[in-house]
Amino acid sequence: MNKGIAELLLQQQLQMFKEMGRASQAVLLILCVLRTVKAFEMEIMPAERIVAQIGGTLILTCNTTGCASPSFSWRTQMDSPLGGKVRNHRTYSTLTMNPVGVVNSHSYLCTVICGERGKKEKSVKVELYSFPSDPIIDISPSLVAGEPAPVICKIPDVYPSHHLEVLLKKDGRVLHEEYFLDDDSTNTETKTVTYTFHPMAEDAGKEITCVARLPIADMDFEPKERTSSQKLNVNFGPQNTIITASPSNSPMEGDSLNLTCVTQSNPPAQIIWSKYLAEESIQHLIKNNVLFIPRVHFNESGRYICEVINLVTNKTEEATVDIVMQGAPVITKLSIEPSTTVQEGQNVSIQCSAESNPPPKIILRRKSDNADTGTSNARSIFLPSVMFQNGGDYECVAENKYGNSKSEITLNVKYGPKNTMITVFPAALKEGETVTMKCTSSGNPAPVISWKKKKATGEFEKISKNATITIQNLKSQDLGLYECEAYNPFGKEEKAVELYVQARLEEPDQMIPFIIAFSSVAAVAVPAAAILIYVSRQAKINGSYSLVKALRLKV
């Protein structure tokens, strides 16, 4: 275009400008200014350097100004694959990396060509990291105090791992540190830190914290530190088990008593109450931490055991308390050895024992005796070769300042018949009278009495099983030797009595009227008269009637 034509065109434009309205003039003026100011430029966003997280999305934008139809191209400085998708628009172009991977760790170069106006290039460096999530802590949900427990902390998909720092803390105190300075991983990796510690009972409820840091000084990203915590569930015990007694371990008889068992255990321990009995046996009571006795009695004195069991740790602990009741004595034993029923001649021991707090004074005696036969220092009576006189009721008396207690026991001594005696009534007998003979004897059990009479042959004939025999109308054939036998399972004893007649006649003729009178009365009874004549003749020889007892011992 020559100068003349240009001037002509300018004059035409000025004329047109004058003819325009003010608004049109302003628009035209602005367009002219823009056409003269804008130059061909480009920019890349983000500029120069970008830090991106692996697995995320990154968009690089190449933008132009001053070029109506630019041409865009992307490449890496090392001519590696782009690892992304390019989209060109009228005045800008984008390179989208989704997801961002390790292959995107490059410097990307954007080239823009704007026809005759030339070519422009800019680059941006993409730096990568991966720190996507908090650490994962793996601890057994059921630890046991004193036993080794591994703690595992996993840091997922970390990159670059040679910058990784991991700390394990317990309740704020560092347990373990680990660094990965020599790690040359070229991709994301899950890093694992394992540490074994020995939890204690006091660690229950405390926290184990895993702190993971990726402190890359020249990379701007957040967060550079991630943490995870987990509370410790430490199973322990039972331990420090104690028993408290309320109101005390020496209650008054009749009071209430609370025994409380306290222990330290996780999980809570199972509690079993029991009590020592004689001969080291154990009486199980209840499964509860509190043993309540509304009214205590003296026989509840003793040693109580609280056994605590942790079913998880499989450990057991015991605590004991001695309960001693205060009150009046209680007789715990009153016995006769070898038995309450013995045979005369055996050795016999009578024992009494009582319990109380304070200790009782014990008196052991036979009730029929006035004097004590035992004291608190001699709580037994020994009867060597016991006699029947030792039988009877024995009494044990125990006393202290709170009162006394009594108990009785009977010693039954078995023995054979003793002191067997025969009595005859009347003492002076006449023919024809009634004679009563009674046999008595002592023994335990009571002896059985029987009578025998000696016959002319010298043999004895049993005549009665009663203790008393009565002979009515005494005759000569009733005279002779009688024997009484007393018998029980432990022996027998015999006694004898002989009945016979002694007679005197001072005037022989005195018998004649008697005979005559007896004959006239008993004329019809010739045999009886003959007997009387015989007796009369004997009387003339021997004198008057008398009955003489002849006693002789025959065992």
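Two aromatic rings count as a pair here if their centres lie within 6.5 Å, and as stacked if their planes are under 30 degrees apart. Keep that in mind as you open this predicted model: a search of the whole structure turns up 2 aromatic pairs.

**Stop one: a stacked pair.** Select Tyr-129 and Phe-221. Their ring centres are 3.8 Å apart and their planes meet at 15°, so this pair is stacked. Now colour by sequence position: Tyr-129 belongs to strand β8 (residues 119–129), while Phe-221 sits in the loop between β15 (207–213) and β16 (225–231), so the pair ties together parts 92 residues apart in sequence. Switch on a surface, and you will find both Tyr-129 and Phe-221 buried.

**Stop two: charges over rings.** Stay with Phe-221 and add Lys-224, which lies over the face of that ring at 5.2 Å from its centre. Then jump to Phe-460, where Lys-452 lies over the ring face at 5.7 Å from the centre.

**Stop three: a hairpin.** Select residues 165–170 (β12) and 173–179 (β13), antiparallel strands joined by 6 bridges. Lys-170 faces Arg-173 across the pairing. Of the 2 residues between the strands, pick Asp-171, which has a positive phi near 55°.

**Last stop: an open sheet.** Show the 3 strands in the order β24-β26-β28, paired antiparallel. At the edges are β24 (330–337) and β28 (380–383), each pairing on one side only. Neighbouring strands here are turned by 5° against each other on average, direction ignored. Zoom in on β24 and β26 (residues 348–355), which share 7 bridges in the antiparallel sense, and finish at Lys-333, which stands opposite Ser-353 of β26.

Notes. Residues are numbered from 1 along each chain as its sequence is written. This is a predicted model: local features need pLDDT of at least 70, side-chain atom pairs count only at pLDDT 80 or more; totals for chains, interfaces and linings use all residues. Side-chain values use heavy atoms; hydrogens and water are left out. Two strands pair if DSSP finds at least two bridges between them. Helices (H or I, at least four residues) and strands (E, at least two) are DSSP runs, numbered from the N terminus. Axes are lines fitted to C-alpha atoms, for helices over the stretch in contact, and angles run from 0 to 180 degrees between N-to-C directions. Rings of Phe, Tyr and Trp (its six-membered ring) pair if their centres lie within 6.5 Å; planes under 30 degrees apart count as stacked, over 60 as edge-to-face and the rest as tilted. Buried means under 20% relative accessible area, exposed over 50%, partly exposed in between (1.4 Å probe, protein chains only). A charge sits over a ring if NZ of Lys or CZ of Arg is within 6 Å of the ring centre and within 35 degrees of the ring normal.
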